[in-house]
Amino acid sequence: MLDERKKKILQAIVEEYINTAEPVSSGSLVKRHGLDFSSATIRNDMAHLEEIGFLDKPHTSSGRVPSAKGYRYYVDELVKEDNISLEEIKYIQSKLQTKVNEIEELTKIATSTLSEITHYTTVAVGPKNNMQMIEEIKFVLLGSRMVMVVIVTDSGLIKETIIKFDEDITETQVDTLNTFFNSKLKGKPLDKIDKPMEEYIASELNYSIGIIKAIIEQINKIVEEDNEMYLEGANKAFDLPEFKSMKIAKNFINLIDTKEEMIELLNSGVAEDINVFIGDENENEQLKDFSIVTFKHTMGNKDLGTIGIIGPKRMDYSKVISVMKYISKKLNETNKE
């Protein structure tokens with residue numbers, strides 16, 4: 001669609017605007033980007049890029065800014081994916097070498113590291129329950145009327161809860177629960193612990209419905225805590241010039257406060273790729289001033305959740321994508337160890 005000269009000019013405009021947040025003129029491109037073209041040629045190409053929808057011209061300026069279409073072309077065709085320094089690589093390595101027993105903890109560390117390096121707001125959600133298989137359910141008697149339940153999934157996710165009963169329960173009953181639950185639920189998705197299971201277990205084990213009801217209700221509570229969400233660096237957004245607009249700031253606050261919408265957004269990407277959603281490409285009206293970049297945290301075929309960045313359309317896509325790719329690679333290596 002674009003010849004090599006126009007590609008270089010568009011790339012320079014996007015990168016200049018990302019750095020300065022000011023409309024870009026032909027003069028600034030000649031001074032700062034060393035383009036070997038005359039100002040007149042650059043002006044003509046900028047006019048053409050505007051005509052085909054890659055640039056916008058603010059009313060109060062003679063310069064141009066990238067449009068959502070211009071950003072999309074930049075991300076798809078021009079972005080550099082090696083924009084990560086040796087210091088940043090070492091920092092990521094040191095953070096992700098931390099020994100943790102739970103996938104959730106590793107996801108939190110990756111999310112905070114991504115925010116620290118890019119200076120954007122990062123968010124992460126855990127894997128969907130229907131994608132996680134139960135590896136073990138462990139019941140531990142804590143007292144005559146109290147039991148701890150620990151559920152471990154094949155992705156390394158651990159969910160635990162304490163159950164209090166209105167009647168006594170014995171060690172023998174707890175051993176039976178361990179055997180029964182594991183025989184019926186091991187290898188099945190988390191969301192298979194449902195209401196019919198309550199009646200089935202009560203009839204099979206001949207326990208009081210009170211005990212079984214309490215167990216199923218409490219297990220369902222922790223199972224329904226699907227897609228735990230972690231947020232890092234929300235305050236960083238308000239250092240950006242775009243957030244001086246009350247409308248943009250309000251939309252951002254509403255967005256990060258709406259857990260369901262954030263989870264849906266993060267889960268909409270393709271597993272194998274870095275996913276970039278720019279402005280109006282997001283269906284939600286509140287997102288038209290923002291870009292969302294996400295990647296799936298995976299191990300083999302296992303979905304371990306999604307990590308993403310929320311920022312203005314004037315996001316440093318090169319830095320974000322480069323850092324995400326490296327963190328994704330290191331997470332995959334960590335999970336295989």
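Student: Which residues in helix 3 do Arg5, Lys6, Ile9, Leu10 and Ile13 in helix 1 meet?

Tutor: They meet Thr41, Ile42, Asp45, Met46, His48 and Leu49. A contact here means heavy atoms within 4.5 Å. Helices (H or I, at least four residues) and strands (E, at least two) are DSSP runs, numbered from the N terminus. Keep in mind that this is a predicted model, where local features need pLDDT of at least 70, side-chain atom pairs count only at pLDDT 80 or more, and totals for chains, interfaces and linings use all residues. Residues are numbered from 1 along each chain as its sequence is written, and side-chain values use heavy atoms, with hydrogens and water left out.

Student: What makes helix 1 roughly perpendicular to helix 3?

Tutor: The axes of helix 1 (residues 4–20) and helix 3 (residues 39–51) come within 10 Å and cross at roughly 80 degrees. Axes are lines fitted to C-alpha atoms, for helices over the stretch in contact, and angles run from 0 to 180 degrees between N-to-C directions. Under 35 degrees counts as roughly parallel, over 145 as roughly antiparallel, 65 to 115 as roughly perpendicular and the rest as oblique. The crossing angle is roughly 80 degrees, so helix 1 is roughly perpendicular to helix 3.

Student: Why does Lys330 count as buried?

Tutor: Buried means under 20% relative accessible area, exposed over 50%, and partly exposed in between (1.4 Å probe, protein chains only). Lys330 has 18% relative accessibility, so it counts as buried. It lies in helix 12 (residues 317–336) and touches Ile92, Gln93 and Leu96, leaving aside residues up to four places away in sequence.

Student: And why is Gln218 called partly exposed?

Tutor: Its relative accessible area is 21%, so Gln218 falls in the partly exposed range. Gln218 sits in helix 9 (residues 209–223), and beyond residues up to four places away in sequence it touches Thr161, Ile162 and Ile163.

Student: What makes a set of residues a nonpolar core?

Tutor: The set has to consist of buried Ala, Val, Leu, Ile, Met, Phe, Trp, Tyr and Cys residues joined through side-chain atoms within 4.5 Å. The largest one here has 69 residues, and Leu10, Leu29, Tyr317 and Ile327 have the most contacts inside it. Helix 12 gives the most to this core, with eight residues. A second, separate core of 19 residues includes Ile137, Val149, Ile151 and Ile211.

Student: What does Ile327 touch?

Tutor: Not counting residues up to four places away in sequence, Ile327 touches Ile92, Leu96, Ala110, Thr113, Leu114 and Phe295.

Student: Why is the pair of Phe243 and Phe290 called tilted?

Tutor: Rings of Phe, Tyr and Trp (its six-membered ring) pair if their centres lie within 6.5 Å; planes under 30 degrees apart count as stacked, over 60 as edge-to-face and the rest as tilted. The centres of these two rings are 6.0 Å apart and the planes stand at 40 degrees, so the pair is tilted. Phe243 is in the loop between strand 7 (229–232) and helix 10 (246–257), Phe290 is in strand 9 (residues 290–299), and the two are 47 residues apart. A search of the whole structure finds eight aromatic pairs.

Student: How do you know whether Phe243 and Phe290 are buried or exposed?

Tutor: Phe243 has 7% relative accessibility, so it counts as buried. Phe290 is buried as well, because its relative accessible area is 0%. Phe238, Phe243, Phe252 and Phe290 form one aromatic cluster.

Student: What makes strand 4 and strand 6 edge strands?

Tutor: Each pairs on one side only, in an open sheet of three strands with the order 4-5-6 and antiparallel pairing. Two strands pair if DSSP finds at least two bridges between them. Strand 4 and strand 5 pair over eight bridges, while strand 5 (residues 146–153) and strand 6 pair over seven, so both pairs meet that cut-off. One partnership puts Ile151 opposite Lys159 in strand 6.

Student: Which side chains of strand 6 are buried?

Tutor: Along strand 6 (residues 158–164) the side chains alternate. Lys159, Thr161 and Ile163 point to one face and are buried, whereas Ile158, Glu160, Ile162 and Lys164 point to the other and are not.
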